[in-house]
Amino acid sequence: MSYGEFEDIDVDRLVWDVPYRERVKSGIEGRRTLSRVRRAADWLQPDGSLSFATAFQPIVDVARRRIFAYEALVRDLNGNSIGHFFDLLGREDRYQFDHLCRVQAIKDAVRLKLDVGLSLNFLPNSVGMKNCSLERTLAFARQAGFPSKQLIFEISEKEGHEDLDFFAAYIDSFAKHVRMAIDDFGQGYSGLALLAGVQPHMVKLDMALVRGIHEDEKRQAILQAIVDLGRRLDIDVIAEGVETRREAQALLSLGISLMQGFYFAMPAVDELPQVCFKDLAA
Ligand SMILES: [Ca+2]
């Protein structure tokens with residue numbers, strides 16, 4: 001592989017040792033970072049230390065008063081979201097970086113002795129890509145000694161599917177081996193069409209459907225229908241973006257027990273945030 005104008009970069013400098021926010025201010029810096037992503041991907045085995053961080057946010061089972069899983073979120077070293085960084089990357093690099101984030105999350109989960117579910121995001125169009133597919137993430141988990149039964153893959157609905165039939169078939173076959181969730185449900189590209197074609201284990205309701213649910217009868221009716229659908233299809237429903245006790249109470253009364261959001265815990269870098277259950281809505 002040729003790295004063109006970046007050939008002269010010292011491999012040791014590939015370690016992302018300064019917050020890359022500083023480096024991606026301009027397009028040129030973005031391209032430089034992009035190249036580092038590509039090279040770091042090649043260089044990752046067995047232990048490339050990258051300076052982005054994994055933040056963990058609990059997904060809580062309110063009725064059972066336990067933590068169901070932790071979603072791994074990628075953050076810079078100051079704990080800030082780096083969603084904008086994906087936009088700076090070209091197609092292949094974006095999926096490579098997405099894969100790197102999952103690899104880092106698994107490493108961190110092993111180190112932090114995470115013993116519940118680990119929910120990992122992936123961009124849907126990475127499924128057929130050779131070096132950043134789900135298989136590769138799963139293989140890394142096995143290699144790292146992280147049990148695949150603890151893994152949950154969240155399929156983002158924020159990106160359109162290039163081939164929905166292929167995607168649905170891929171997801172369906174994969175769901176026989178690892179738990180799958182449709183992420184951002186209600187916001188994204190294919191929603192019900194995707195749900196008609198696959199059998200995920202869970203759907204994660206987009207926060208736009210959840211926000212202010214306690215005072216919005218129309219959205220209550222929509223969520224009730226999704227909960228009923230989930231029961232019929234044996235799909236768990238998770239509510240994201242829960243920020244207040246009243247939202248949590250309303251969701252619980254709709255039959256949604258799995259919740260995630262600031263009301264329960266902020267995402268935290270390098271630790272597994274705990275939840276104080278006595279303060280919850282149940
Ligand atoms: Ca997610």
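In this predicted model, strand 7 and strand 8 (residues 258–259) run parallel and are paired over 2 bridges. Between these strands the chain passes through helix 9 (residues 245–253), a β-α-β crossover that is right-handed. The bridge partner of Ala 239 in strand 8 is Met 259. Strand 7 (residues 236–239) also pairs with strand 6 (residues 202–205), again in the parallel sense, over 4 bridges. In that pairing Met 202 stands opposite Asp 236 of strand 7.

**Overall content**

The protein contains 9 helices and 9 strands. Its chain has 282 residues, of which 37% count as buried. Of the contacts between residues at least 6 apart in sequence, 67% join residues at least 24 apart.

**Strand 1 and its partners**

Strand 1 (residues 53–61) has 7 of its 9 residues buried, so the rest of the structure largely encloses it. The pairings of strand 1 are listed below, each with a residue pair from the bridges.

| Partner of strand 1 | Bridges and sense | Residue pair |
|---|---|---|
| Strand 2 | 9 bridges, antiparallel | Val 60 and Ile 67 |
| Strand 8 | 2 bridges, antiparallel | Asp 61 and Leu 258 |
| Strand 9 (residues 268–269) | 2 bridges, antiparallel | Ala 55 and Val 269 |

Strand 1 and strand 2 form a hairpin, with 4 residues between the two strands. In the turn, Arg 65 has a positive phi of about 50 degrees. Strand 8 pairs with strand 1 in the antiparallel sense and with strand 7 in the parallel sense.

**The nonpolar core**

The largest nonpolar core holds 60 residues, and the members that touch the most others are Leu 118, Phe 153, Leu 205 and Met 259. Strand 2 (residues 66–75) supplies the largest share of this core, 7 residues. In soluble globular proteins, nonpolar side chains tend to be buried together.

Which residues does Phe 153 touch, not counting those up to four places away in sequence? They are Leu 120, Phe 122, Leu 134, Val 178, Met 180 and Ala 181. Of the core residues named above, Met 259 is also the bridge partner of Ala 239.

**Helix 4 and its surroundings**

Leu 134, one of the contacts of Phe 153, is buried in helix 4 (residues 134–144), as are Thr 137 and Ala 141. These buried residues cover an arc of only 65 degrees around the axis, which means that they lie on the same side of helix 4. An α-helix has 3.6 residues a turn, so residues three or four places apart point the same way.

What covers the buried residues of helix 4? The cover includes helix 3, strand 3 (117–122), strand 4 (151–155) and helix 5 (164–174). On the face of helix 4 turned away from its buried side are the exposed residues Glu 135, Ala 139, Arg 142 and Gln 143. Just after helix 4, Gly 145 takes a positive phi of about 80 degrees.

Cys 101 belongs to helix 3 (residues 91–111), one of the elements covering the buried residues of helix 4. Is Cys 101 buried or exposed? Cys 101 counts as buried because it has 23 C-beta neighbours inside 10 Å, and the cut-off for a buried residue is 20 or more. Cys 101 and Thr 137 are 36 residues apart along the chain, and their C-alpha atoms are separated by 9.9 Å.

Note on methods:
Residues are numbered from 1 along each chain as its sequence is written. This is a predicted model: local features need pLDDT of at least 70, side-chain atom pairs count only at pLDDT 80 or more; totals for chains, interfaces and linings use all residues. Two strands pair if DSSP finds at least two bridges between them. A crossover is right-handed if, with the strands pointing away from the viewer, the path from the first strand over the helix to the second runs clockwise. A nonpolar core is a set of buried Ala, Val, Leu, Ile, Met, Phe, Trp, Tyr and Cys residues joined through C-beta atoms within 7 Å. A residue is buried if 20 or more other C-beta atoms lie within 10 Å of its own, exposed if 12 or fewer, and partly exposed in between; C-beta atoms are placed from the backbone. Two residues are in contact if their C-beta atoms, placed from the backbone, lie within 7 Å. The arc is that of the directions from the helix axis to the C-beta atoms.
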